[in-house]
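Reader: I would like a close look at a single part of this model, set out in one connected answer.

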Amino acid sequence: MNPYMQLAVEAAKDGMEKNLGGPFGAVIVRDGEVIAVAHNEVLGTNDPTAHAEVVALRRATAKLGRFHIPDCEIYSTCEPCPMCLAAIHWAGITKLSFGADRYDAAVGGFDDEFIYRIVDGTAESPLTQPEIIDEEECRDLFHRWNEKTDRIMY
């Protein structure tokens with residue numbers, strides 16, 4: 001078994017056994033060095049974003065002291081959900097390896113199909129028809145951002 005995936009599996013088992021979250025683990029590696037190991041912490045933190053991949057990203061970026069980590073790769077016990085995949089992209093990671101897929105997750109009660117359908121436009125949600133308010137004030141923030149001489153792009 002891949003040693004990094006083995007660490008992810010062990011992390012998933014640990015979190016699951018402690019009832020901290022679902023059966024998910026993730027490991028971030030740079031140049032053969034393990035930078036972060038994490039498991040799902042949704043139940044332990046009451047944070048719906050505390051998926052294993054997001055927790056691993058938070059740990060890795062804190063350890064490395066930077067938000068962009070394209071020199072890293074991520075191993076996940078399951079195909080990342082849309083939120084996690086987006087976070088992995090935002091971090092600049094270009095190599096992803098996973099074990100189980102989204103259909104295996106659905107069998108375990110973790111079904112993201114509705115989110116995929118919202119994204120591809122084949123499902124409706126109240127969130128796809130939001131109320132747009134205070135546009136001028138909110139748009140002004142981008143003008144202010146563009147005027148900042150010390151802004152850091154990410």
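Which residues of the largest nonpolar core touch the most other members?

Author: In this predicted model, the largest nonpolar core holds 21 residues, and those touching the most other members are Ile28, Leu57, Ala60, Ile69, Cys72, Ile74 and Ile93. Several elements contribute to this core, with at least two residues each from strand 1 (25-30), strand 2 (33-39), helix 3 (52-64), strand 3 (72-78) and helix 4 (82-91). Helix 3 gives the largest share, namely six residues. Taking Leu57 as an example, and leaving aside its neighbours within four places in sequence, one finds this residue in contact with Ile28, Ile69, Ala87, Ile88, Ala91 and Ile93. Another core, of six residues, lies apart from the largest one, and its members include Tyr4, Met5, Val27 and Val29.

Turning from the cores to the open space, the largest pocket encloses about 210 Å³. This pocket has 14 lining residues, and Phe24, His51, Cys81, Phe110 and Asp112 are the ones that lie nearest its centre. Sorted by class, the lining of the largest pocket comprises seven nonpolar, five charged and two polar residues.

Helix 7 offers a contrasting setting to examine. Of its 13 residues, the number buried is zero, so helix 7 lies largely in the open. Its geometry can also be checked: at 1.5 Å a residue, the 13 residues of helix 7 (residues 135-147) should span 18 Å, and the end C-alpha atoms are 19 Å apart, which agrees with that expectation.

Methods: Residues numbered from 1 in each chain as written. Predicted model: local features only at pLDDT ≥ 70, side-chain atom pairs only at ≥ 80, totals over all residues. Heavy atoms only, no water. Helix = DSSP H or I, 4+ residues; strand = E, 2+ residues; numbered from the N terminus. Expected span 1.5 Å × (residues − 1). Buried < 20%, exposed > 50% of the residue type's maximum accessible area, 1.4 Å probe, protein only. 1 Å grid on protein atoms, 1.4 Å probe; cavity = no way out; pocket = protein on both sides within 12 Å on 5 of 7 lines; lining within 4 Å. Points joined across faces, edges and corners; volume = space filled by probe spheres on them. Nonpolar A, V, L, I, M, F, W, Y, C, P; charged D, E, K, R; others polar. Core = buried A, V, L, I, M, F, W, Y, C linked by side-chain atoms within 4.5 Å. Contact = heavy atoms within 4.5 Å.
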